[in-house]
Amino acid sequence: MDAEKQNKVLAESEQQASEKAQGAPQEGAKKDVPLEKLTKAELIQKLKEAEESAKKYFDLYVRSQAEMENLKKRLRREKEEFLKFANESLIKELLPVVDNLENAIRHAQDENSVHALREGLELTLKGMRDALSKAGVEEVKALGERFDPNFHYAVSQEETSEVETGTVLQELQKGYLLNQRLIRPSMVVVSKAPTEASDPEPGQEEHVTDRDS
C-alpha cells in the first residue's frame with residue numbers, strides 16, 4: 001500500500017514539473033511588450049530600428065527602380081538597332097541585282113546593245129527573284145487555276161466555252177505571298193459561260209418576212 005502511495009505521489013510530482021516546464025518562457029525569447037509599457041529608452045531604440053529598416057527597404061526600392069530604367073533603355077537601344085539593320089540580309093541579296101543593272105547599262109553601248117540589254121535584264125530579273133525567294137516571297141499561282149477570292153482579284157470576265165466557268169484566263173499582274181501571308185493579290189481575268197442567243201418564237205420569223213415584203 002505504501003508503495004502505491006509513493007508511486008502516485010511521484011507521478012503527480014512529475015506531472016507538475018512537466019506543466020511548469022511547458023508554461024515557463026524559453027530562455028532568450030523576447031516578450032511582446034505593449035508600446036505603452038515601454039520605457040522612453042526602449043521607444044527610442046524601437047524607433048531607430050524602424051528607421052533603419054525603412055531606409056534599407058527604400059534603398060532597395062530605389063536600386064530596383066534604377067535597374068528597371070536601365071533595362072528599359074537597353075531594350076530600347078536593342079530594338080532600335082534591330083529595326084535599323086533588320087533588312088541587312090535582304091539588302092545584301094539585292095546588291096548583285098544593282099550590279100547586274102549597271103553592267104547591262106554599260107554593255108548597252110556596244111554594237112549588239114539590244115541583245116546585251118535583254119540578256120542583262122533577264123539576269124537582273126533572275127537575281128531579283130532569287131533574293132525575294134530567300135526572303136520568303138513567292139508568287140501566287142493564278143493562270144489556269146480556279147478563281148480564289150482569297151488570292152485573286154478579278155478585273156473582268158470573258159465568255160468562253162473552252163474552260164470551266166471561274167477559271168483564270170489571264171494574269172494582268174502577279175500576286176505575291178510573304179511567308180505564306182498574302183501581300184498582294186493577282187489581278188486576273190476570269191472565264192464565264194457564253195450567253196446563249198434566244199431562239200425566235202414560232203411564227204415570229206414568218207411574220208417579220210411577210211411585213212417586209
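This note walks through the model point by point, from the overall fold to surface details.

1. **Ground rules.** This is a predicted model, in which local features need pLDDT of at least 70, side-chain atom pairs count only at pLDDT 80 or more, and totals for chains, interfaces and linings use all residues. Residues are numbered from 1 along each chain as its sequence is written, and side-chain values use heavy atoms, with hydrogens and water left out.

2. **Overall layout.** The protein has 5 helices and 6 strands. Helices (H or I, at least four residues) and strands (E, at least two) are DSSP runs, numbered from the N terminus. Read from that end, the order is α-α-α-α-β-β-β-β-β-β-α.

3. **Burial.** Of the 213 residues in the protein, 12% are buried. Here buried means under 20% relative accessible area, exposed means over 50%, and partly exposed is in between (1.4 Å probe, protein chains only). Accessible areas come from the Shrake-Rupley method with a 1.4 Å probe, and for residues only the protein chains shown count as cover.

4. **A positive patch.** Lys72, Lys73, Arg74, Arg76 and Arg77 form a positive patch on the surface. Patch members have over 30% relative accessible area and no salt bridge; like charges are joined within 9 Å, and nonpolar side chains (Val, Leu, Ile, Met, Phe, Trp, Tyr) within 5 Å. Lys and Arg count as positive and Asp and Glu as negative, while His and the chain ends are not counted. Each charge is placed at NZ of Lys, CZ of Arg, CG of Asp or CD of Glu. Take Lys73 as an example. This residue lies in helix 2, residues 40-84. Lys73 counts as partly exposed because its relative accessibility is 44%.

5. **A nonpolar patch.** Phe58, Tyr61 and Val62 make a nonpolar surface patch, and together they have about 330 Å² of accessible area. Phe58 sits in helix 2. Is Phe58 buried or exposed? Its relative accessible area is 53%, so Phe58 is exposed.

6. **Salt bridges, and one in helix 2.** The whole structure holds 6 salt bridges. A salt bridge is a side-chain nitrogen of Lys or Arg within 4 Å of a carboxyl oxygen of Asp or Glu. Side chains of opposite charge can pair when their charged atoms come close. Glu81 and Lys84 form one such bridge, at 3.9 Å from N to O. They are 3 residues apart in helix 2, so about one helical turn separates them. Glu81 is partly exposed because its relative accessible area is 43%. Lys84 has 56% relative accessibility and so counts as exposed.

7. **A salt bridge in helix 4.** Lys126 pairs with Asp130, and their closest N and O atoms are 3.1 Å apart. Both residues lie in helix 4, 4 residues apart, which is about one turn of the helix. Asp130 has a relative accessible area of 37%, so this residue is partly exposed.

8. **A salt-bridge network.** Which residues are linked with Glu139 in a network of salt bridges? They are Glu171 and Lys174. Glu171 and Lys174 bridge each other, with the closest N and O atoms 3.7 Å apart. Glu171 counts as partly exposed because its relative accessibility is 26%. Lys174 is also partly exposed, because its relative accessible area is 31%.

9. **The hairpin.** Strand 4 and strand 5 run antiparallel and are joined by 3 bridges. Two strands pair if DSSP finds at least two bridges between them. Tyr176 has Arg184, in strand 5, as its bridge partner. The two strands form a hairpin with 2 residues between them.

10. **The turn.** Most residues other than glycine have a negative phi. Asn179 has a positive phi, near 50°. Asn179 lies in the loop between strand 4 (176-178) and strand 5 (181-184). Gln180 is in the loop between strand 4 and strand 5, and its phi is positive too, near 70°. Asn179 counts as exposed because its relative accessibility is 56%. Gln180 is exposed because its relative accessible area is 61%.

11. **From turn to helix 4.** How far apart are the C-alpha atoms of Ser133 and Asn179? The separation is 9.7 Å, although the two residues are 46 residues apart along the chain. Ser133 belongs to helix 4, residues 113-134. Ser133 is partly exposed because its relative accessible area is 48%.
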